[in-house]
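Reader: I'd like a close look at one part of this model rather than a tour of the whole thing. Could you pick a helix and walk me through what it packs against?

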Amino acid sequence: MKKLFALVLAFALLCTASSALALTVGFTQVGQESDWRTANTDDVCSAIKEAGWELIYDDAQQKQENQVKAVRNFITQGVDYIVFTAVVTTGWDEVLQEVVDEGIPLVLIDRFPETNFPDDSWYTTYFGGDFPEEGARAGRWILNYMASVGHEGDINIVRLQGTTGADAQVGRTKGFDSVVAANPSMKIIFDQTGNFTRAEGQAVMEAALKAVGAENIDVLWAENDDMALGAIEAIKAAGLVPGKDIIIVGCDAVKAAFEAIVAGDMNCTVECTPLMGDRVVEVITGLEAGQTFEKTVHPVEYVYDTNGGIAYDDAGNVTLKAADHLAERLY
Ligand code: AHR
């Protein structure tokens, strides 16, 4: 009797294990442009593998046509789920309709694609940063910080935007612009894309320093930390002191930004977490069990700066001191 029980138990365990292994998940990533992206890739890929599922990963190298190709390959390979983040917001209707027609559940993370579908049944759920709020947080921080150090008159700002047309660029630009529109002392005096990369952040900052003159710039707002870190190099090369002569604000809250803040080179970073793997696994596991999910979920995020205590949102939250959180930042 005991033997029979052991056999049944072993069989049940085998079935559970093989049904977990039976899932195949396609993940199309936009590229490897930043520290944030590397962390996001690592986190999502390892979570899928740790769940015991087969992962088919594709790096689109910033090209929409590569992502379209990857999605079609996932369909041909008969994946069970597609994890999708859109390099740019528009131009997805045709390929996503093909996914819907095949009945493959779409799990959206990070950058949301705009579509013309009549309702939202084409995707299961979206998990990613509230980009307009992130941009607005940067704007409010600049306003409150400059007031706290007694700055009077206009605040002249250089803005480095992310990849044109990416959800993160569109949202952060819109959110920041809304704060500027409500506060006429904030002037954007140079505004260009740096494509979310360190190299372009440096090159575009060099151009900005030449175009408007270093003495006329109060603040650099870079829509990600990599561009801010590149710009810091350009500012140093121009003989200026980043963090003092020009106040530097980035976005993402990656470890390198925490280190730059602690070193005094940077002043603030608005958090956008790349850690999405656990949510992907939670969603797929839940969907397998017949669960449904809220259509949009934003992670809880903070803002970090040199000393802490600066208000950055309408709810009265204040910044955390970067130095206190450096050790726990793993990416
Ligand atoms: O979509 C998220 C953004 O894309 C991150 O801010 C940036 O670093 C990345 O490249």
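Author: What follows is a look at helix α10 and its surroundings, with a few other spots for context. Keep in mind that this is a predicted model.

Let's start with the helix itself. α10 covers residues 277–288. It has 12 residues and reaches 17 Å from its first C-alpha to its last, close to the 16 Å expected at 1.5 Å a residue. Right after α10 comes Gly290, with a positive phi of about 85°.

Now, which residues of α10 are buried? Gly277, Arg279, Val280, Val281, Val283, Ile284 and Gly286 are. Their cover includes the strands β1 (24–29), β3 (81–84), β4 (106–109), β5 (125–127) and β11 (296–297), along with helix α2.

That helix partner deserves a closer look. α2 spans residues 35–50, and it packs on α10 at an angle of about 40°, with the two axes 7 Å apart. Since roughly parallel is kept for angles under 35 degrees, this makes α2 oblique to α10. As for handedness, the α2 and α10 crossing is right-handed. On the α2 side, the contact is made by Asp43, Val44, Ala47 and Ile48, and on the α10 side by Gly277, Asp278, Val280 and Val281. Sort the residues of this contact by class and you get 5 nonpolar, 1 polar and 2 charged. Three of the α10 contact residues, Gly277, Val280 and Val281, turn up again among the buried ones.

Follow the chain on from α2 and you come to Gly52, in the loop between α2 and β2 (54–59). Gly52 has a relative accessible area of 18%, so it counts as buried. Gly52 and Gly150 sit 98 residues apart in sequence and 56 Å apart in space, C-alpha to C-alpha.

Another loop leads into β3, one of the strands covering α10. Gly78 lies in that loop, between α3 (64–76) and β3. At 45% relative accessibility, Gly78 counts as partly exposed. From Gly78 to Ala237 the C-alpha atoms are 52 Å apart, with the two positions 159 residues apart in sequence numbering.

One more helix for context: α6 (residues 167–182), with 16 residues, reaches 23 Å from its first C-alpha to its last, close to the 22 Å expected. Its buried residues include Gly171, Gly175, Phe176, Val179 and Val180. The buried residues of α6 pack against β5, α5 (131–148), β6 (155–161), β7 (186–193), β8 (219–222) and β9 (247–252). So β5 turns up in both settings, against α6 and as part of the cover of α10.

Technical notes. Residues are numbered from 1 along each chain as its sequence is written. This is a predicted model: local features need pLDDT of at least 70, side-chain atom pairs count only at pLDDT 80 or more; totals for chains, interfaces and linings use all residues. Side-chain values use heavy atoms; hydrogens and water are left out. Axes are lines fitted to C-alpha atoms, for helices over the stretch in contact, and angles run from 0 to 180 degrees between N-to-C directions. Helices (H or I, at least four residues) and strands (E, at least two) are DSSP runs, numbered from the N terminus. Angles under 35 degrees count as roughly parallel, over 145 as roughly antiparallel, 65 to 115 as roughly perpendicular and the rest as oblique. A crossing is left-handed if the near helix is turned anticlockwise from the far one by less than a right angle, and right-handed if clockwise. Contact means heavy atoms within 4.5 Å. Ala, Val, Leu, Ile, Met, Phe, Trp, Tyr, Cys and Pro count as nonpolar, Asp, Glu, Lys and Arg as charged, and the others, Gly among them, as polar. The expected span of a helix is 1.5 Å times one less than its number of residues. Buried means under 20% relative accessible area, exposed over 50%, partly exposed in between (1.4 Å probe, protein chains only).
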